[in-house]
Every structure is written in C-alpha cells, then in structure tokens.
Amino acid sequence: MVYKFRPYESLGVMRGHLNLGGKSPSGERIDVTSLYFERGGKPWIGVMGEFHFSRCKSEHWYEELCKIKAGGVNIVSTYLFWNYHEEIENAFDFTGDRDIRRFVEECKKAGLDVFLRIGPWAHGECRNGGFPDWILKYNTRTNDAEYLSKVERWFSEIYRQIKGLLYKDGGNIIGVQLENELTDNPEHLAKLKEIAKGTGIDVPIYTVTGWNSVNGARIPVDEVVPVFGAYPEAPWEQHKNPLPPSPHYCFNKMRNDTAIGMDIIGDDSSEWRLPYERYPFATCELGGGIQITHHRRPIISGMDIYALSLVKLGSGNNLVGYYMYHGGTNKLGRLSTLNESRETGYPNDYPILSYDFQAPISEYGEIREQYRLLNLLHLFVRDFGSILAPMEAVPSERRVVPTNTHSLRYMMRTNGEGGFVFINHYLRGGRLDDVEGAEIDTGSVVFPPIDIRGGVSFFMPFNIKLGSRLLEYATAQPICFDRDAYFFAAIDSVEPVYKFKNCEKITAPSDRISVRECGKFKIITVPWNAARYIRRLGGYIYIGEDCDLYECDGKIRSVSGGISCRRWNGRDFDTVIVPGTASRAGVILRDAEQPGFAAKYIGELNIGGAREIKWSRITVTGGDGFVEIDFKGDAAQIYADGELVADCYYYGRPWRIPASMLYGRECYLGVSEMKDDFYREF
C-alpha cells in the first residue's frame with residue numbers, strides 16, 4: 001500500500017517580533033524565530049533534561065551531570081523551590097545541596113547550559129508547589145503589591161547567587177521559566193518577567209508553560225515562549241482504571257496537552273486562543289518517566305518514552321525538553337516534610353523522599369532503557385538539527401486517531417525537497433497491527449516497500465546531503481556523523497538500503513556492525529540493540545558492549561562494570577577497556593519487632609487508614625554498588641540509625657538502594673500491607 005502526505009505549504013518564518021534574544025561577550029547570539037531557535041546565526045535544537053540540584057547530594061552533582069551530558073542532553077533545567085531556600089522567612093539557605101551557584105558552575109564544567117525555573121510557584125510535586133508556608137497568607141500568584149514585594153526579594157536573592165553566570169556575562173544560564181501552569185493571568189506573567197529583569201536576571205529566553213485547554217494558556221504575547229509537554233500516563237487521575245489509548249502516540253501538530261496539570265489547574269472556557277504560529281514548537285515536560293502516586297502506579301518502559309519523544313519530534317518539536325531526566329530525593333524540611341500530599345490540600349500523595357520518577361537516570365544514578373533509546377534522537381538533533389529545525393511538519397494523508405490500531409502512524413518534516421519520514425508503530429498498553437509492504441511516497445521520493453512489525457518507532461531520511469553526495473533515501477535511521485563517517489541504526493524487520501543519486505544502491509546487514517565505502521565517505525550501519533550504546537565522548541564515537549559509557553574528568557567510564565567497547569578512529573574501530581564500578585552488594589533481611597526508636601514518619605505507611613506493618617532488620621555486606629530489596633506491599637521505608645533515608649510505593653519492581661547509604665549503620669525496613677486501593681500494572 002502507498003502512504004502519502006498532505007500538500008506541503010511553507011508558512012514562512014517571522015523574525016524580530018518577540019522581545020527575546022541576547023548576546024554573549026564573545027558575540028554569539030541566541031534568538032527565537034516563529035519556527036525555531038537560533039544559536040550563532042544557525043538553526044538550533046536544544047535538548048533539555050530536568051535535574052533538580054536540591055534533590056541530589058552536591059558531592060554527586062558533577063558525575064551525574066556527566067551522565068546527563070553523555071545521554072545527548074545539552075541543557076539542564078532545574079527548579080528553585082522557594083521553600084527549600086526560605087522555609088523560614090528571611091532565613092535564606094543556599095548552602096550545601098541548595099547551592100545553586102555551585103550547581104551552575106558544575107554544569108559549565110560538564111559542558112551543559114542551564115535553564116532556571118524560578119517560580120515563584122513551581123509545583124514539581126513539592127509541598128505547596130514550592131511555596132514556603134509563610135507566603136500562603138498573601139494573595140499569591142497575582143499582582144497583589146504585598147505578594148510582589150516578596151517575589152522581588154526572592155528573585156533578588158536568586159540573582160545574588162547567580163550573578164556573573166548569565167549568558168550575557170559569558171556564563172551558561174541561557175533561559176528562565178517564569179511560574180508554572182498559570183493559565184489565566186498574562187498580566188501577572190508579564191510582571192514576573194519585568195521583576196526578574198529588574199533584579200538582574202536577564203537571559204535570552206523566557207518561557208512559561210502553555211498548556212491548559214485546547215486553546216492554550218493565556219500568556220503575555222511576544223514576551224515569552226510557551227512550552228509544552230506530554231506524558232505516557234497520568235498518575236494524578238483520581239481513579240483506578242486504565243487510561244484510554246494516549247494521543248501522544250499519534251502524530252499531530254497540535255502542541256497542547258490538555259491533560260497535564262488538570263489535577264491542579266482545571267479547565268478554561270474562555271474564548272482566548274494562544275497564537276501558536278508566532279512561536280516555535282518547544283517542550284519542557286516530555287515525560288522522561290512518570291512519578292507514581294499512592295493511588296496510581298504505572299510501570300514505564302523505555303519505548304513508552306522514546307516513541308513519545310519521536311512522535312513530538314516528527315510533529316515539529318524544536319526544543320526537546322524532558323521532565324524528569326534524572327530522578328531525585330526530597331529533602332526533609334526543618335518545619336515539615338517537603339513532598340506534595342493530600343494533607344497539604346493537594347489531590348495526590350507522593351512519597352516523602354523518593355522523587356525517582358522512573359526517569360532515564362534513577363534518583364541514585366542508575367541508567368534505564370529510555371536513556372539509551374532517547375540518545376539516538378539526541379545524537380541526531382545535535383548533528384542534523386540545523387537541517388531539521390527549519391523543516392515544517394506535514395501530516396499523513398489520512399488522520400489517525402488514538403483508538404485506530406490498524407492504520408499506519410506517520411508524519412514528515414520537510415523543506416519541500418528533502419526531509420525525514422517519522423513512523424511510530426508503538427502504543428503504550430496496546431498493540432498495533434503489522435503493516436506489510438508499506439511504500440512511503442513523500443511527493444519527491446518513493447521509498448521501497450518495507451514491513452513494519454512489532455513495537456518499533458523510527459525515522460528515515462530522503463533527499464539529504466551527506467557530504468557532497470545526495471542521499472535519495474535510506475531505510476535506516478540516521479544517528480550522527482564523524483567527519484567522513486555517517487552512522488545509521490538498522491530498524492527491526494527492515495533491510496538497511498542506501499540510495500544515492502547517480503549511484504547503485506548500497507545494502508548492509510542488520511545483525512552486525514558494518515562499514516561501507518561510498519566515494520570519499522563511509523556508511524556505518526549499527527544493529528538497533530548495539531546502537532543504544534553509541535555515545536559521543538571526548539571527541540570520539542564509542543559503542544559500548546552492553547554498557548553505558550560517560551566521560552568524567554577527562555576519563556571514559558562505565559556506569560556499572562568494567563567492560564570493553566569500540567571506538568571509531570576515523571577508519572575502523574579500536575577495542576578499548578573502560579573501568580567501571582561494582583553494581584551490587586549483598587543484603588540480608590531478618591524479621592524484627594518494632595525498631596528500637598520512634599519511626600517519625602510512620603504515617604506514610606498508613607495512608608488511607610491503618611495498615612499492618614512488617615519490620616525487618618537490614619544488614620549490608622559492603623559499601624559499594626547497590627542492594628536490591630524485592631518486597632511486596634503498599635509502601636516501604638528504610639531508617640538508618642533512626643533517620644528516614646529512603647521510601648517508595650510498591651509498583652511491581654525491585655527496589656534498588658545504594659549500599660553506601662546503609663553499610664555500617666543500624667537499618668530497618670518497614671513495609672505496610674497492600675490493599676486494593678490503587679491502580680496497578682503488575
């Protein structure tokens with residue numbers, strides 16, 4: 001069957017209409033057009049990953065940032081939770097794990113730009129949405145004079161901490177998000193920008209979240225960029241039923257996800273319409289995973305996240321932003337816990353400590369499958385982003401709705417001559433029918449028939465220049481290039497074929513790494529499973545052998561286990577041995593009575609009513625690597641020397657804890673009984 005697209009229509013690019021942009025001391029500029037971002041005068045697609053500095057031990061920041069960088073992320077976004085820094089009025093704390101200046105400097109050392117989400121209200125599943133308790137007596141999130149005076153003081157203190165680190169000063173802070181999920185007060189958002197700039201927080205890009213109803217949040221037009229999101233699940237839904245098929249696995253140029261934040265923001269029935277055409281499609285909350293709530297506990301897979309991000313990229317996304325990219329651990333406040341809970345008036349209960357989020361990098365620094373898969377997209381936009389960014393999204397000839405499991409889901413990004421065809425054949429929680437002999441007709445190129453089977457999600461190029469040669473099409477997914485070598489990933493069930501203009505077809509095996517000569521350059525085809533471990537580190541392309549590589553302090557390391565890997569030397573691959581760390585320590589659990597101390601946060605084990613609690617004494621045999629606790633229950637807590645150090649809600653997966661947190665300490669595990677009062681996928 002032949003699959004075609006709707007007619008291509010260029011909308012053109014507006015420039016200079018937004019009150020945004022800025023220049024560094026070196027003369028480089030960051031600007032925003034109506035279609036894409038520019039850096040150094042070229043179209044640019046940033047990859048932004050959320051990592052909350054105050055939810056991680058400061059001694060681990062740099063190494064974790066290096067892992068983030070190795071995953072293809074080039075911007076770190078992070079919240080400044082007001083209650084983390086001024087829990088008690090006039091008693092600011094920017095020390096230790098709360099030291100934003102040191103964190104930004106560590107980001108620069110790792111080669112990462114920074115996007116600050118300064119609030120004042122943040123959400124982030126934090127107590128009061130990040131507001132300190134004392135601010136609640138004011139008329140918050142409005143232009144009330146008393147409230148704004150407190151906001152100005154807060155922003156001024158932030159500026160005092162980051163002075164000299166802004167892009168205009170030669171620093172790496174390139175953007176700021178104002179507020180979060182404020183849908184109906186553009187005057188307040190404009191005032192927040194005015195206050196931020198007035199206190200010195202002057203950056204090229206200001207954003208606000210744009211989601212609300214289909215028509216989008218009401219924002220100060222041309223003053224900020226609206227950013228959007230999409231999640232694979234909705235654990236804030238107040239029921240225990242499976243969700244219907246998600247629209248996020250269907251291609252659609254519509255940016256707005258009306259489901260995000262609906263536990264907090266409600267709906268909007270106004271006649272407002274956000275002028276999408278004035279802004280590039282930008283995201284800040286593509287779900288890197290999802291945080292479980294007490295009443296909904298989904299299990300997220302790597303393909304859940306990769307397919308979602310690929311669909312948005314194919315639909316026109318030009319700023320790829322994830323929430324979360326690295327999980328974290330909440331602090332315990334001096335006056336209260338700092339997690340969101342129903343006790344604080346919010347509709348959800350979240351763990352007191354754990355903010356793991358099932359993210360690409362776990363709260364303790366381990367790698368998940370989506371990290372590997374997403375890196376395929378990130379490597380691509382790094383090397384091909386200047387080509388892709390100006391390309392507009394063109395829908396398939398026939399629209400496919402989420403409940404349709406028979407029709408092929410596809411979209412194209414093109415400049416009218418060449419581009420990329422995106423195909424998603426993956427549906428979270430369901431299965432799509434196999435498609436045999438699909439012929440993709442872009443209007444300028446017809447791909448050879450391919451079979452699309454199983455849960456795959458991929459894209460293919462057409463009429464794209466590789467060096468001096470025109471690649472008419474390839475039935476493989478482009479990844480990256482290194483001088484005269486172009487790397488492609490073989491797609492499951494599809495034979496890799498490369499057709500260059502005025503040249504015979506080149507075929508490659510899909511079950512092993514192959515190097516094919518094509519004039520003055522090389523085509524390197526990598527099996528899909530091996531491609532998951534491609535990393536660009538220290539100026540080289542590496543392919544780990546089932547290991548996740550990263551560069552830290554100039555040395556190539558493996559997240560777990562020493563192992564060999566391949567390194568491209570410009571002609572062929574060298575074999576390199578990479579040191580790693582131990583991945584597991586021993587753990588012994590023995591039944592115990594009540595621990596010999598008062599479990600201060602026992603209420604977390606009794607959410608929804610009293611539950612039977614089973615206690616165990618934990619003995620860890622070493623301080624390296626991780627221990628794995630395979631418990632079953634409702635919620636679990638670990639106390640070390642009487643201090644709550646870890647907790648989680650059971651969702652069908654073993655609980656992995658750094659051995660160093662427990663080794664040599666008196667540790668107890670408390671597990672509460674499971675009841676049939678939550679949605680589960682196990």
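In this predicted model, helix H4 is followed by glycine 164, a residue with a positive phi near 90 degrees. At the other end, where H4 starts, a side-chain oxygen of aspartate 144 comes to within 3.2 Å of the backbone nitrogen of glutamate 146. The helix itself comprises 18 residues, 145-162; at 1.5 Å a residue these should span 26 Å, and the end C-alpha atoms are 26 Å apart, so the two values agree.

The buried residues of H4 are Tyr147, Leu148, Lys150, Val151, Trp154, Phe155, Glu157, Ile158, Tyr159, Gln161 and Ile162. These buried residues pack against helix H2 (82-85), helix H3 (100-110) and helix H5 (186-199), as well as against strands E8 and E9 (173-178).

Strand E8, one of the packing partners of H4, contains aspartate 113. This aspartate has a relative accessibility of 14% and therefore counts as buried, the cut-off being under 20%. Apart from neighbours within four places in sequence, aspartate 113 is in contact with Arg39, Asn74, Ile75, Val76, Asn172 and Ile174.

The loop between E8 and H4 holds several residues with notable backbone geometry. Proline 120 lies in this loop, and the peptide bond that leads to proline 120 from glycine 119 is cis, with omega near 15 degrees. Histidine 123, also placed in the loop between E8 and H4, is a residue other than glycine with a positive phi, near 75 degrees. Its relative accessible area is 4%, and histidine 123 is therefore buried. Glutamate 125 is found in the loop between E8 and H4 as well; here phi is near 55 degrees, again a positive value in a residue other than glycine. With 11% relative accessibility, glutamate 125 counts as buried.

A cis peptide bond also joins tyrosine 323 and methionine 324, with omega about -15 degrees. Methionine 324 belongs to the loop between strand E14 (319-323) and strand E15 (328-329).

Internal space was also examined. Five cavities of 30 Å³ or more were counted, and the second largest cavity holds about 60 Å³ of space. Its lining consists of Met48, Glu50, Ser77, Phe115, Arg117, Gln177, Thr207, Val227, Cys284 and Leu319. Strand E6 (46-50) and strand E8 (113-119) each contribute at least two residues to this lining. Classified by type, the lining of the second largest cavity includes five nonpolar, three polar and two charged residues. Strand E8 thus appears both in the lining of this cavity and among the elements against which the buried residues of H4 pack.

Notes: Residues are numbered from 1 along each chain as its sequence is written. This is a predicted model: local features need pLDDT of at least 70, side-chain atom pairs count only at pLDDT 80 or more; totals for chains, interfaces and linings use all residues. Side-chain values use heavy atoms; hydrogens and water are left out. On a 1 Å grid over the protein atoms alone, a cavity is a set of points where a 1.4 Å probe fits but cannot get out, and a pocket is an open set with protein on both sides within 12 Å along at least five of seven lines; lining residues have an atom within 4 Å of a point. Grid points are joined across faces, edges and corners, and a volume is the space filled by probe spheres set on the points. Helices (H or I, at least four residues) and strands (E, at least two) are DSSP runs, numbered from the N terminus. Ala, Val, Leu, Ile, Met, Phe, Trp, Tyr, Cys and Pro count as nonpolar, Asp, Glu, Lys and Arg as charged, and the others, Gly among them, as polar. The expected span of a helix is 1.5 Å times one less than its number of residues. Buried means under 20% relative accessible area, exposed over 50%, partly exposed in between (1.4 Å probe, protein chains only). Contact means heavy atoms within 4.5 Å. A polar contact is a pair of N or O atoms within 3.5 Å; within protein, one must be able to donate a hydrogen and the other to accept it, and residues adjacent in sequence count only if both atoms are side-chain atoms.
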